[in-house]
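This report walks through one chain, beginning with its charged pairs and moving on to its core, its aromatic rings and its surface. Please keep the structure open while reading.

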Amino acid sequence: MARNSFFRRVRAVVVLGLAGVTTALAVGAAPAAAGLGLACPSPTSTPFAAWSDYADYAFAPDGGFESGGSGWSLGGGARAASGNESFYVHSSTDKTSLSLPAGASATSPGMCISLLSSKMRFVARGDSGSKVKVQIVYRGLLSSVLGVLDGGTYSVDSGWKPSPEIGMLGGVLPLLTSSVSFRFTAVGGDAVIDDVYLDPMKSS
């Protein structure tokens, strides 16, 4: 009798353990599965290595605006304009950037994000006193907005410079997140942005 009770307890522990592992695997796999059908490039470059940032980054969809901001939502006079950022972070043949008059905004197309996604960066310049406000928009199925993270507001200079490393909700994404977009708004003056990148997996 005691022996049968012992085996029942062992069996219960094993079943609960397997259930826990299955749940963990399902949760861990959710971000990858949720990203199907979106732009999910593998990290293939270290574009900010010159600034001692050796993380692998993925280029945002039309992140250099060489296709005129294809897929981006542009408002307030935001538009692709001639003139590339001076470091040619993405490609030496690029010729375009995104002009943001004061108050204008631009939101990138959705791209994949994983639980380990940690940061994003871009390159910018602007009028004296102007700033670029960054918001990170988390979306679910059918592009529904699940949450908006304030990524900060950053001063820009007359010369091009990379943004700081802008942290994201790595490990604590809103439930059912399937993609992420980046919204840029010019504050206090005109600004120009170029070469938008996402670190899709925490690598440094």
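In this predicted model, Arg121 forms a salt bridge with Asp53, with 3.0 Å between the closest N and O atoms. The two partners come from distant parts of the chain, since Arg121 belongs to strand 6 and Asp53 to the loop between helix 1 and strand 1, 68 residues apart. Arg121 counts as buried because its relative accessibility is 7%, below the 20% cut-off, and Asp53 is buried as well, with a relative accessible area of 1%.

Asp53 also meets the side chain of Lys119 in a salt bridge of 3.3 Å, N to O. This second pair again links distant parts of the chain, Lys119 lying in strand 6 and Asp53 in the loop between helix 1 and strand 1, with their positions 66 residues apart. Both Lys119 and Asp53 are buried.

A further salt bridge joins the side chains of Lys161 and Asp157, at 3.4 Å from N to O. Here Lys161 is partly exposed, at 31% relative accessibility, and Asp157 is likewise partly exposed, with a relative accessible area of 41%. Through shared partners, salt bridges join Asp53, Lys119, Arg121 and Glu165 into one network. The count for the structure comes to four salt bridges, and the three described above are set out below.

| Salt bridge | N to O distance |
|---|---|
| Arg121 and Asp53 | 3.0 Å |
| Lys119 and Asp53 | 3.3 Å |
| Lys161 and Asp157 | 3.4 Å |

As to the overall arrangement, the secondary structure of the chain consists of one helix and 12 strands, and the helix comes before the strands when the elements are read from the N terminus. Of the 204 residues in the chain, 41% are buried. When contacts between residues at least 6 apart in sequence are considered, 77% of them join residues at least 24 apart.

Which residues touch the most other members of the largest nonpolar core? They are Phe122, Phe182 and Phe184, in a core of 31 residues. Strand 4 (96-100), strand 6 (119-126), strand 7 (131-139), strand 11 and strand 12 (191-199) are the elements that give two or more residues to this core. Apart from it lies another core, made of eight residues that include Ala55, Tyr57, Val192 and Tyr197.

If neighbours within four places in sequence are left aside, the contacts of Phe182 include Trp72, Ser108, Met120, Ile136, Met168, Val196 and Leu198. Ser108 lies in the loop between strand 5 (105-107) and strand 6 and counts as buried, at 4% relative accessibility. With the same exclusion of sequence neighbours, Ser108 is in contact with Trp72, Ser181 and Phe182. Ser108 and Val196, although 88 residues apart in sequence, are 9.1 Å apart in space from C-alpha to C-alpha.

The structure holds nine aromatic pairs. In one of them, Trp51 and Phe87 are arranged edge-to-face, 5.0 Å centre to centre and with 85° between the planes. Trp51 lies in the loop between helix 1 (2-34) and strand 1 (58-59), whereas Phe87 lies in the loop between strand 3 (79-82) and strand 4, so the pair ties together parts that are 36 residues apart in sequence. Trp51 is partly exposed at 32% relative accessibility, and Phe87 is partly exposed with a relative accessible area of 37%. Phe65 and Trp72 form a tilted pair, 4.8 Å centre to centre with 55° between the planes, and both Phe65 and Trp72 are buried. In addition, Phe48, Trp51, Tyr57, Phe59, Phe87 and Tyr197 form one aromatic cluster.

On the surface, Leu146, Leu175 and Leu176 form a nonpolar patch that together has about 360 Å² of accessible area. Leu175 sits in the loop between strand 10 (166-167) and strand 11 (179-187) and counts as exposed, at 74% relative accessibility. Leu176 is placed in the loop between strand 10 and strand 11 and is exposed, with a relative accessible area of 68%.

Backbone angles deserve a separate remark. Most residues other than glycine have a negative phi. Leu176, although not a glycine, has a positive phi of about 70°. Asp195 is not a glycine either, and its phi is positive at about 50°. Asp195 is found in strand 12 and, at 0% relative accessibility, counts as buried.

Terms used. Residues are numbered from 1 along each chain as its sequence is written. This is a predicted model: local features need pLDDT of at least 70, side-chain atom pairs count only at pLDDT 80 or more; totals for chains, interfaces and linings use all residues. Side-chain values use heavy atoms; hydrogens and water are left out. Patches are made of residues with over 30% relative accessible area and no salt bridge: like charges are joined within 9 Å, nonpolar side chains (Val, Leu, Ile, Met, Phe, Trp, Tyr) within 5 Å. Accessible areas come from the Shrake-Rupley method with a 1.4 Å probe; for residues, only the protein chains shown count as cover. Helices (H or I, at least four residues) and strands (E, at least two) are DSSP runs, numbered from the N terminus. Buried means under 20% relative accessible area, exposed over 50%, partly exposed in between (1.4 Å probe, protein chains only). A nonpolar core is a set of buried Ala, Val, Leu, Ile, Met, Phe, Trp, Tyr and Cys residues joined through side-chain atoms within 4.5 Å. Contact means heavy atoms within 4.5 Å. Rings of Phe, Tyr and Trp (its six-membered ring) pair if their centres lie within 6.5 Å; planes under 30 degrees apart count as stacked, over 60 as edge-to-face and the rest as tilted.
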